[in-house]
Amino acid sequence: ADRRRSGAALTDAARDPADRLAERDATLRAFAALSEPDREALRLVAWERLSLADAARAAGVSRPAFAMRVHRARRRLAVHLREQGAALDLDFPLEPLDA
């Protein structure tokens, strides 16, 4: 996973800044189109880097319920990105692995 991230970072650095800016804009628009519960789920695991168990506790739900919430939020985010014609790869895991 670390090799994949460093390879992605090198690829990202070599890309046209205008393309990166367009992707960022599309991502922000897609994220803003999500419901607040979807945004919260993605923020907890992607930005706060909480494990699914810790994020579930923070959200006040069970781990399986939160895992489903994250899965559905990612799927809806991907739909919004496709609707905008964004060429982003969401195959990377947004949620950290539970220890």
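Good morning. I begin with a convention: when the angle between two helix axes is under 35 degrees, the pair counts as roughly parallel, over 145 as roughly antiparallel, from 65 to 115 as roughly perpendicular, and the rest are called oblique. I shall apply this convention to one pair of helices in the structure before you, which is a predicted model.

Let me first introduce the chain as a whole. The protein chain contains five helices and zero strands, and along the sequence its pattern reads α-α-α-α-α. Of its 99 residues, 23% are buried. The accessible surface of the protein chain amounts to about 6700 Å², and carbon and sulfur atoms account for 55% of that surface. If we consider the contacts between residues at least 6 apart in sequence, 55% of them join residues at least 24 apart.

I now turn to the pair itself. Helix α2 covers residues 17-33, and helix α5 covers residues 63-83. Their axes come within 9 Å of each other and cross at roughly 130 degrees. How, then, are α2 and α5 oriented to each other? The angle of roughly 130 degrees lies between 115 and 145, and α2 and α5 are therefore oblique to each other. The crossing of α2 past α5 is right-handed.

Which residues meet where α2 contacts α5? On the α2 side they are A26, T27, A30, F31 and A33, and on the α5 side they are L77, H80 and L81. Sorted by class, this contact has six nonpolar residues, two polar residues and no charged residues.

Thank you for your attention.

Conventions
Residues are numbered from 1 along each chain as its sequence is written. This is a predicted model: local features need pLDDT of at least 70, side-chain atom pairs count only at pLDDT 80 or more; totals for chains, interfaces and linings use all residues. Side-chain values use heavy atoms; hydrogens and water are left out. Axes are lines fitted to C-alpha atoms, for helices over the stretch in contact, and angles run from 0 to 180 degrees between N-to-C directions. Helices (H or I, at least four residues) and strands (E, at least two) are DSSP runs, numbered from the N terminus. A crossing is left-handed if the near helix is turned anticlockwise from the far one by less than a right angle, and right-handed if clockwise. Contact means heavy atoms within 4.5 Å. Ala, Val, Leu, Ile, Met, Phe, Trp, Tyr, Cys and Pro count as nonpolar, Asp, Glu, Lys and Arg as charged, and the others, Gly among them, as polar. Buried means under 20% relative accessible area, exposed over 50%, partly exposed in between (1.4 Å probe, protein chains only). Accessible areas come from the Shrake-Rupley method with a 1.4 Å probe; for residues, only the protein chains shown count as cover.
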